[in-house]
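Student: Hi! Could we go through this structure together?
Tutor: Sure, let's have a look.

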Amino acid sequence: MKKVLIATDKPFAPVAVEGIKKVFDNAGYQTVLLEKYTEVSQFLEAVADVDGLIIRSDIASAEVLNAAKNLKIVVRAGAGYDNIDLDACTKKGVVAMNTPGQNSNAVAELAFGMMIYAIRNAFDGSSGSELRGKKIGIHAYGNVGRYVAMIAKGFGMDIYAFDPFVKKEDIEKDGVKVLGSVEELYKTCKFVSLHIPANDKTKKSINFNLLSLMPKGAVLVNTARKEVIDEDGLIKLMEERQDFKYLSDIVPDKAADMTSKFAGRVVFTAKKMGAQTSEANINAGIAAAEQIVAFLEKGDAKFKVN
Ligand code: 3PG
């Protein structure tokens, strides 16, 4: 009997776990659940004899992969797979996949929740501002970026995007204006919503020079990855610009410093919350389970990323 481990430090909603189990029950697989683990050793032990693995932001390091003697496939139930050691997967002949698009709406909705919270001054009774008529820049027009555009339209925002990997026409058909450079995007937009992945090219790329271009009253929303921000540059900028707000769904490394220096201008969620809805958990979790069954039964590797 094939065995699949769901290893989630931040658990899926119970209804999503039920749905995942059902997919594996129907395939005749055994499901093992490891939630809220505190030590890597628990992960290493649980993964030892499984054929498949579902994770979220959990780290699938070379150590984890080497401990998984029978592993054939690991699926990151979500978009970003920077938490998987892809080289180690490839060396071991393990297929790595993600579930693109499945949790995107949840992330996009949170970006707006954070923007409204910030521009209404954390609902403290003082007079805030509105999104209508304001310029929003979508930095990277993937699945989340697309949902951000859709929601921004509902708010009556003026929508811009920059993404060198997506065809101009494909962005423009959504009623979004395409800008030719990242600098132009930051110069034009009071609100910028970040949706770039964390990789060698993007790490620390959101830096002092780029952020300095943003207009007065700038709001940077990061529901992507903390690694893409040059935190020293951001701190320097926020020291110089009292008008600048930073909202992040990932607690920055220098969170304590930022919170003490920029009270009221920074908002950080306690844990990455973008994809933490039952809908997103069901979509991404069940997609991951179905991808595992499709791969193990039919060799279907459609969402392979290594
Ligand atoms: C993703 O890459 O899909 C998001 O960052 C969500 O991550 P999570 O599943 O750990 O909440």
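Student: What radius of gyration does the chain have, and what would a compact globule have?
Tutor: This is a predicted model. The chain has a radius of gyration of 20 Å. With 306 residues, a compact globule would come out near 19 Å, so the value agrees with a compact globule.

Student: And what box do the C-alpha atoms fill?
Tutor: Along the principal axes, the box is roughly 60 × 45 × 35 Å.

Student: How many helices and strands are there?
Tutor: The chain has 12 helices and 12 strands.

Student: OK, what share of the residues is buried?
Tutor: Buried residues make up 50% of the 306 in the chain. As for contacts with a separation of 6 or more, 62% of them join residues 24 or more positions apart.

Student: New topic: how many aromatic pairs are there?
Tutor: A search of the whole structure finds 5. One of them is F24 with Y29, a stacked pair with 5.9 Å centre to centre and 15 degrees between the planes.

Student: Are F24 and Y29 buried or exposed?
Tutor: Both F24 and Y29 are buried.

Student: What about Y37 and F43, why is that pair called tilted?
Tutor: Their planes are at 45 degrees, and stacked needs under 30 while edge-to-face needs over 60, so the pair is tilted. The ring centres of Y37 and F43 lie 5.4 Å apart. Y37 and F43 are buried too.

Student: Last one: how many positive and negative side chains are there?
Tutor: There are 41 positive and 39 negative ones, and the centres of the two sets lie 3 Å apart.

Key: Residues are numbered from 1 along each chain as its sequence is written. This is a predicted model: local features need pLDDT of at least 70, side-chain atom pairs count only at pLDDT 80 or more; totals for chains, interfaces and linings use all residues. Side-chain values use heavy atoms; hydrogens and water are left out. Helices (H or I, at least four residues) and strands (E, at least two) are DSSP runs, numbered from the N terminus. The radius of gyration is taken over C-alpha atoms; the globule rule is 2.2 Å times the number of residues to the power 0.38. Buried means under 20% relative accessible area, exposed over 50%, partly exposed in between (1.4 Å probe, protein chains only). Contact means heavy atoms within 4.5 Å. Lys and Arg count as positive and Asp and Glu as negative; His and the chain ends are not counted. The place of a charge is taken as NZ of Lys, CZ of Arg, CG of Asp or CD of Glu. Rings of Phe, Tyr and Trp (its six-membered ring) pair if their centres lie within 6.5 Å; planes under 30 degrees apart count as stacked, over 60 as edge-to-face and the rest as tilted.
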